[in-house]
Amino acid sequence: MNNKLPRIFTFLTLALLMAGPTSGWTKTKIVLIAGRDSHGTKAHNWGDGVDLLSNALTRESGLDIETAIHKGGWPKDPSIFDRAATVVILSDGGGGHPINKHLDEFDALAEKGVGLVCVHYAVEVPKGAAGDKMLKWTGGYFETHWSVNPHWTADFKTLPKHPVANGVKPFTLNDEWYYHMRFREKMEWLTPILSALPPAETLKRGDGAHSNNPHVKAAVLERKEKQHVAWAMERPDGQRGFGTTGAHYHTSWDQDDFRTCVLNAIVWTAKLAVPKNGVKSLPNPTTRLADKPKAAASTTEEGFTPLFNGRNLDGWVGNTKGYVASDGLLVCQAGKGKGGNIYTEQEYDNFVFRFEFKLTPGANNGVGIRAPLSGTASKKAFEIQILDNSAEKYAKLQPTQYHGSVYKCAAAKRGHLKPVGEWNSEEIRAD
């Protein structure tokens with residue numbers, strides 16, 4: 001049976017689960033782990049942070065990357081790491097670091113060449129077994145009574161010749177830049193990426209586990225040593241790691257050079273070639289993505305295949321001129337000759353189809369399944385309605401014509417559609 005998905009509608013992101021196995025999958029997989037948010041809405045926004053990075057990697061970079069996201073701590077299902085090239089952690093650290101109870105598990109991955117990127121508080125683990133492993137995986141970590149965590153404006157005047165620094169220009173940024181990290185002896189295998197001399201005001205607090213200590217005062221106040229707040233490591237066996245102490249504030253991701261540096265690091269630790277001008281991403285992501293769906297189109301669970309790459313309509317046929325890829329979203333254009341039907345190039349058997357959408361006032365579209373490449377989906381196949389139920393012009397429709405219904409076949413329960421302009425999530429199962 002021909003069973004293509006013909007009609008896609010206003011502002012859509014897609015993922016499809018097929019009954020049979022996929023083949024020819026070539027994208028590099030990056031796993032992003034977010035701890036629980038801990039500082040309100042302006043800092044330690046780990047969940048929003050991994051969504052932002054995923055969006056940039058899968059929708060904006062132009063690279064063949066897929067991401068798998070887990071939020072709330074360490075994944076309980078280890079299959080998320082299958083095929084992973086690198087793992088990125090944004091989380092609170094110290095004794096509550098997600099990796100503390102999984103040192104052997106990740107060490108086995110690292111021995112296979114899986115990279116590791118730790119951001120801000122995720123660079124801090126307890127001294128001892130966890131600290132030793134972090135030195136092995138990334139080359140450095142925050143060690144209590146050695147490292148400190150002040151807020152200050154760092155001025156990064158020079159960058160090294162390293163792939164992680166590709167396209168990164170000198171910049172300044174106010175953040176909670178931890179410094180005086182514990183690094184491998186003699187900086188073995190390490191390349192400092194972001195370095196600056198902290199002002200003396202950062203060491204006015206009394207001595208404490210995170211605030212001050214004689215070692216850091218000697219390094220900064222007496223020897224005037226620049227402090228490395230981002231670093232990259234490559235072991236002789238090829239495993240790569242990266243750490244940065246920035247990104248306490250969620251808006252730090254809006255600093256283009258800092259964001260590019262971290263994206264470069266993720267790509268580099270995944271053993272992909274970093275573009276000469278750095279990994280591409282769009283500006284001002286924290287505001288631009290604030291009301292966007294939280295899962296990227298290429299953010300997949302095991303067994304799911306993204307149908308939309310966020311960049312163009314590759315993989316689609318039909319009236320492709322009636323739709324446009326815009327800012328990582330699939331948009332149905334209004335006007336004469338616009339909209340219409342688009343179809344997946346590939347056919348699928350039984351499946352689960354998940355998508356997110358946002359309606360404009362009076363929007364009317366649908367998803368057709370088990371449909372031929374021509375004709376009206378609602379007549380020759382099954383059309384699941386996508387409709388602004390609140391529009392006055394639709395006030396007198398039949399029950400089987402409202403949103404979520406199988407058009408003129410089966411009525412959907414009403415009352416679950418969010419107001420126009422808000423994002424909805426939907427799942428269609430075809431067995």
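The following legends describe close-up views of a predicted model.

**View 1. Strand E10 pairs with strand E11.** The two strands, E10 (residues 190–196) and E11 (residues 227–234), run antiparallel and share 6 bridges. Within this pairing, Leu-190 has Met-233 of E11 as its bridge partner. Strand E10 is largely enclosed by the rest of the structure, because 5 of its 7 residues are buried.

**View 2. Strand E18 pairs with strand E21, and a loop precedes E18.** Antiparallel pairing joins E18 to E21 (residues 423–430) over 8 bridges; Val-352 is matched with Arg-429 in E21. Of the 8 residues of E18, 7 are buried, so the rest of the structure largely encloses this strand. Gln-346 occupies the loop between strand E17 (342–344) and strand E18 (351–358) and is partly exposed, at 45% relative accessibility. The C-alpha atom of Gln-346 lies 9.6 Å from that of Leu-307, a residue 39 positions away along the chain.

**View 3. Aromatic pairs of the model.** The structure contains 11 aromatic pairs. In one of them, the ring centres of Trp-74 and Phe-81 are 5.3 Å apart and the planes meet at 35°, so the pair is tilted. Trp-74 and Phe-81 are both buried. Phe-156 and Trp-177 instead form an edge-to-face pair, with 5.2 Å between centres and 85° between planes. Phe-156 belongs to strand E7 and Trp-177 to the loop between strands E8 and E9, so this pair ties together parts 21 residues apart in sequence. Relative accessible area is 0% for Phe-156 and 0% for Trp-177. Both residues belong to one aromatic cluster with Phe-171, Trp-253 and Phe-258.

**View 4. Arginine residues over aromatic rings.** Arg-182 lies over the face of Trp-146, 3.8 Å from the ring centre. Arg-414 lies over the face of Tyr-402, at 3.7 Å from the ring centre.

Note on methods:
Residues numbered from 1 in each chain as written. Predicted model: local features only at pLDDT ≥ 70, side-chain atom pairs only at ≥ 80, totals over all residues. Heavy atoms only, no water. Helix = DSSP H or I, 4+ residues; strand = E, 2+ residues; numbered from the N terminus. Buried < 20%, exposed > 50% of the residue type's maximum accessible area, 1.4 Å probe, protein only. Pairing = 2+ DSSP bridges. Phe/Tyr/Trp six-rings, centres within 6.5 Å; stacked < 30°, edge-to-face > 60°. Lys NZ or Arg CZ within 6 Å of the ring centre and 35° of its normal.
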